[in-house]
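Reader: I have a predicted model open and I keep meeting words such as "exposed" and "cavity". Could you show me how each label is earned?

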Amino acid sequence: MAVDRSEIRAAARIVVAVVAASALAGIGWGLLVPAQHFLVISGGRAASLTSESGHQFDAVALFLCAGLTVGVLSASAAWLWRSVRGPVVLIGLLIGSAVGAATTAVVGLGVAGLRFPDLPDAIEGQIVPVSPGLGTAMVLILQPLVAAFVYLVLASMSPRDDLGVAPAPDESAPAGDLPGSMPQQVHSRLEA
């Protein structure tokens with residue numbers, strides 16, 4: 001199977017579009033994520049306030065929701081680009097989703113860091129907001145996983161072998177003119 005240049009260009013465009021959408025999702029995550037508040041105690045150390053540790057879960061959950069949304073929407077949009085459907089576009093979607101998830105994390109943590117700057121000169125007894133983190137890099141796998149799953153489900157539901165890339169045969173044409181149909185002479189001989 002030869003790879004067409006238009007498929008490679010389409011895959012590159014999908015990578016760029018998914019990374020751009022992921023950057024926007026990162027900005028949204030950075031603006032929505034709640035801070036975790038700490039009480040400054042002696043020696044510059046800090047203690048977490050009661051129920052503030054739940055905001056670490058909130059940060060991860062919001063990040064996963066952003067990745068899920070971008071994954072579903074990007075796979076659906078790639079599927080709608082009918083003329084280039086296939087494995088090359090799926091590879092572009094996976095690359096874009098993997099790079100996009102990392103972009104969401106970097107941009108989101110940067111925006112959250114701007115919202116909640118470090119306070120190196122905090123005094124004892126002061127309550128300070130701290131920018132939340134993601135906790136683990138495993139959260140980056142959801143977006144490419146969802147994008148691949150949605151694209152493969154859409155491909156498996158396609159009734160045509162070519163995934164609908166080629167135009168559908170005209171149903172108003174005579175039976176002998178359709179590709180894969182029996183010529184009219186053979187059909188009439190079989191009926192006789």
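Reader: Why is V16 called exposed?

Author: Let's set the value against the cut-off. V16 has a relative accessibility of 57%, and exposed means over 50%. The value passes that mark, so V16 counts as exposed. You will find V16 in helix α1.

Reader: What lies across from V16 in space, C-alpha to C-alpha?

Author: One residue to look at is V99. V16 and V99 are 83 residues apart in sequence, and their C-alpha atoms are 9.6 Å apart in space.

Reader: And A102, what makes A102 partly exposed?

Author: A102 has 31% relative accessibility. Buried means under 20% and exposed means over 50%, with partly exposed in between. Since 31% falls between those marks, A102 is partly exposed. A102 sits in helix α3, which covers residues 87-115. Its C-alpha atom is 9.0 Å from that of V19, although 83 residues separate A102 and V19 along the chain.

Reader: Which label does L49 get, and why?

Author: L49 comes out at 27% relative accessibility. That is not under 20% and not over 50%, so L49 counts as partly exposed. L49 belongs to the loop between β2 (46-48) and α2. From L49 to H37 is 12 residues in sequence and 6.4 Å in space, C-alpha to C-alpha.

Reader: How do you know which label suits G54?

Author: The reasoning is just like before. G54 has a relative accessible area of 33%, and partly exposed lies between 20% and 50%, so G54 is partly exposed. G54 is part of helix α2. The C-alpha atoms of G54 and Q36 lie 8.4 Å from each other, with the two residues 18 apart along the chain.

Reader: What makes L31 exposed?

Author: L31 reaches 52% relative accessibility. Exposed means over 50%, so L31 earns the label. L31 is in helix α1, residues 5-32. Together with L24 and I27, L31 makes a nonpolar surface patch of about 300 Å².

Reader: How much of the protein counts as buried?

Author: Of its 192 residues, 31% count as buried. As for the overall plan, the protein has five helices and three strands. Starting at the N terminus, the elements run α-β-β-α-α-β-α-α.

Reader: How do you know where empty space is left?

Author: Rolling a probe the size of a water molecule over the atoms shows it. In this model, the count comes to one cavity of 30 Å³ or more. The largest cavity holds about 30 Å³ of space.

Reader: Which residues line the largest cavity?

Author: The lining is made of F63, L64, G67, L68, V139, L142 and Q143. Two helices, α2 (54-80) and α4 (142-156), each supply at least two of the lining residues. Helix α2 gives the most, with four residues.

Reader: How do the lining residues divide into nonpolar, polar and charged?

Author: Five are nonpolar, two are polar and none is charged. You can check this from the names. Phe, Leu and Val count as nonpolar, and the lining includes F63, L64, L68, V139 and L142. Gly counts as polar, and G67 is one of the lining residues. Gln is not among the nonpolar or charged kinds, so Q143 counts as polar too.

Conventions. Residues numbered from 1 in each chain as written. Predicted model: local features only at pLDDT ≥ 70, side-chain atom pairs only at ≥ 80, totals over all residues. Heavy atoms only, no water. 1 Å grid on protein atoms, 1.4 Å probe; cavity = no way out; pocket = protein on both sides within 12 Å on 5 of 7 lines; lining within 4 Å. Points joined across faces, edges and corners; volume = space filled by probe spheres on them. Patch = residues over 30% accessible without salt bridge, like charges linked within 9 Å, V, L, I, M, F, W, Y side chains within 5 Å. Areas by Shrake-Rupley, 256 points an atom, 1.4 Å probe, with all protein chains shown as cover. Salt bridge = Lys/Arg side-chain N within 4 Å of Asp/Glu carboxyl O. Buried < 20%, exposed > 50% of the residue type's maximum accessible area, 1.4 Å probe, protein only.
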